[in-house]
Amino acid sequence: MTRIESRKSADIIGQHERFVVPSYGRFALAISRGEGRHVWDVDGRRYLDFGAGIAVSCLGHGHPSLVRAIQDQAPRMLHVSNLYYHELQGELARRLSTEVGPGKMFFCNSGAEANEGLIKLARRFGHDEGRYEIITANGSFHGRTLAGIAATGQEKVKKGFGPAVPGFVHVPFNDIDAVSAAISPSTVAVLVEGIQGEGGIHAATPEFLTALRRLCDEHRLLLLMDGVQCGHFRTGRFQSFQRILEGTPPATPPFLPDAVAMAKSLGGGFPMGAFWVGESHSTRLGPGSHGTTYGGSPIACAAASGVLDAIEQENLAANARAVGGEFLSALDGLVKKYPHLLDSVRGLGLMIGVELKEAIPGMDPSTRPLSLQLVDRLQEAGLLTIPSGGRVVRFLPALNVTSDEIGQALDMIEDVLKRILP
Ligand SMILES: *Cc1c(COP(=O)(O)O)cnc(C)c1O
């Protein structure tokens with residue numbers, strides 16, 4: 001980092017260093033507020049936000065529908081325990097499950113918890129037969145709880161936290177033969193992301209998903225999907241599998257996973273997680289079997305409903321598809337123009353990753369991964385992005401990002417790339 005931090009940001013960073021557990025690798029940026037697709041640092045410098053809080057702030061910052069939904073609900077009631085019913089939870093469950101298919105919703109508070117719910121659902125399902133093993137993909141990410149890191153197909157999240165929760169097997173992503181070969185008498189489920197987010201923006205192929213459904217049916221396995229990052233209209237459809245399977249011959253019965261984990265964009269910044277479970281397993285978690293104090297609180301449900309309202313009223317699914325498509329092809333142009341820096345670009349809708357070359361002149365990967373160095377430089381230029389592994393820079397802008405803002409981002413990216421040229 002070449003940036004000289006101001007006194008104000010140095011003080012904030014200093015407070016963190018003294019009093020906050022240093023479990024995060026952070027960029028040198030202290031943010032004070034946001035509006036639309038922009039955020040401002042404590043010194044008043046403005047950034048175009050193409051990270052959106054890691055695919056969370058799907059309406060950008062300060063969206064009136066979301067702000068109003070929270071403001072209207074706050075004085076009525078923030079929280080009611082799940083000992084009782086309330087209108088907002090049932091109504092949100094109706095709206096969300098309608099987007100997926102016949103089934104029911106469970107509400108929690110984060111993506112890791114949503115995946116824990118899927119894992120518990122699978123274990124319940126297999127319990128009486130002694131089946132508990134879940135197959136997941138290399139490069140996957142499923143959260144930081146003990147079961148989440150056991151499920152995650154990346155060594156770096158597991159290191160130093162053993163013994164691991166038993167019952168997880170990892171196989172190469174998009175490799176149906178590998179899944180098939182990993183099935184044992186103990187197997188009860190397969191858990192995959194539709195598009196791997198932390199693993200470098202790798203989408204499941206339609207062939208893989210279709211074959212996976214068939215394989216799971218043959219072996220009576222649950223097909224669990226982690227839609228925490230790729231879901232909530234980011235790809236132009238509510239869930240990424242719906243987008244991925246567009247254009248393939250309609251299956252009978254139509255393709256559906258058995259359960260889907262949700263979080264991130266669900267509350268648009270209000271912390272919330274959830275999972276959908278299909279009709280045939282929707283009563284498997286009966287009274288007393290699973291729960292969380294905060295799950296589906298009135299304030300969280302009001303926020304999530306406000307997010308859905310805005311997405312519907314402003315046609316943001318269509319926007320994600322159209323603007324995301326423009327962005328992807330423009331980035332592809334940059335890959336062709338700067339082949340010594342950029343290897344490739346991939347993604348769907350507004351979930352896009354650019355893979356850097358293994359070696360880039362003037363950038364030393366031994367001091368800091370190349371992806372982080374490019375993110376640093378883009379930040380310097382006024383654009384916030386997110387690394388995904390050592391060589392991929394990820395773009396996850398709000399679903400209401402405009403063509404114009406995409407153009408501004410592209411200009412900043414190209415400026416940065418030009419300056420890397422020897
Ligand atoms: C972020 C993420 C999680 C974990 O969500 P948290 O809210 O951080 O617990 C799980 N799965 C995927 C795919 C994610 O991107």
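Biologist: Which helix gives the most to the shell around the ligand?

Modeller: Keep in mind that this is a predicted model. The ligand's surroundings include Gly-111, Ala-112 and Asn-115, and the helix spanning residues 111-127 contributes three residues to that shell. The top contributor is helix 5.

Biologist: How many charged residues does the shell around the ligand have?

Modeller: Glu-193, Asp-226 and Lys-264 are among the residues surrounding the ligand, and Asp, Glu and Lys count as charged. Besides these, the shell has six polar and three nonpolar residues. The charged count is three.

Biologist: Okay, on to the polar atoms. Which residue has an N or O atom in its side chain 2.7 Å from a nitrogen atom of the ligand?

Modeller: Two of the ligand's partners use backbone atoms instead: a polar one of Gly-111 sits 2.8 Å from a ligand oxygen, and a polar one of Phe-141 sits 3.2 Å from a ligand nitrogen. For the side-chain pair, the residue is Asp-226.

Biologist: And how much of the ligand's exposed area does the protein bury?

Modeller: Start with the ligand taken alone, which exposes 380 Å². Put the protein back around it, and the buried share of that area is 81%.

Biologist: Now the helix packing. Are helix 3 and helix 11 roughly parallel or roughly antiparallel?

Modeller: Helix 3 covers residues 64-73 and helix 11 covers residues 298-313. Their axes come within 8 Å and cross at roughly 150°, in a right-handed crossing. Angles over 145 degrees fall in the antiparallel class, so the pair is roughly antiparallel.

Biologist: What about helix 12 and helix 14, roughly parallel or roughly antiparallel?

Modeller: The axes of helix 12 (residues 316-337) and helix 14 (residues 403-420) come within 10 Å, with a crossing angle of roughly 15°. That crossing is right-handed too. The cut-off here is under 35 degrees, so helix 12 and helix 14 are roughly parallel.

Biologist: Back to helix 11. Is its crossing with helix 4 left-handed or right-handed?

Modeller: Helix 4 takes in residues 87-100, and its axis comes within 9 Å of the axis of helix 11. They cross at roughly 40°, so the two helices are oblique to each other. As for the hand of the crossing between helix 4 and helix 11, the answer is left-handed.

Note on methods. Residues are numbered from 1 along each chain as its sequence is written. This is a predicted model: local features need pLDDT of at least 70, side-chain atom pairs count only at pLDDT 80 or more; totals for chains, interfaces and linings use all residues. Side-chain values use heavy atoms; hydrogens and water are left out. A residue is near a molecule or strand if one of its heavy atoms lies within 4 Å of it. A polar contact is a pair of N or O atoms within 3.5 Å; within protein, one must be able to donate a hydrogen and the other to accept it, and residues adjacent in sequence count only if both atoms are side-chain atoms. Accessible areas come from the Shrake-Rupley method with a 1.4 Å probe; for residues, only the protein chains shown count as cover. Helices (H or I, at least four residues) and strands (E, at least two) are DSSP runs, numbered from the N terminus. Axes are lines fitted to C-alpha atoms, for helices over the stretch in contact, and angles run from 0 to 180 degrees between N-to-C directions. Angles under 35 degrees count as roughly parallel, over 145 as roughly antiparallel, 65 to 115 as roughly perpendicular and the rest as oblique. A crossing is left-handed if the near helix is turned anticlockwise from the far one by less than a right angle, and right-handed if clockwise.
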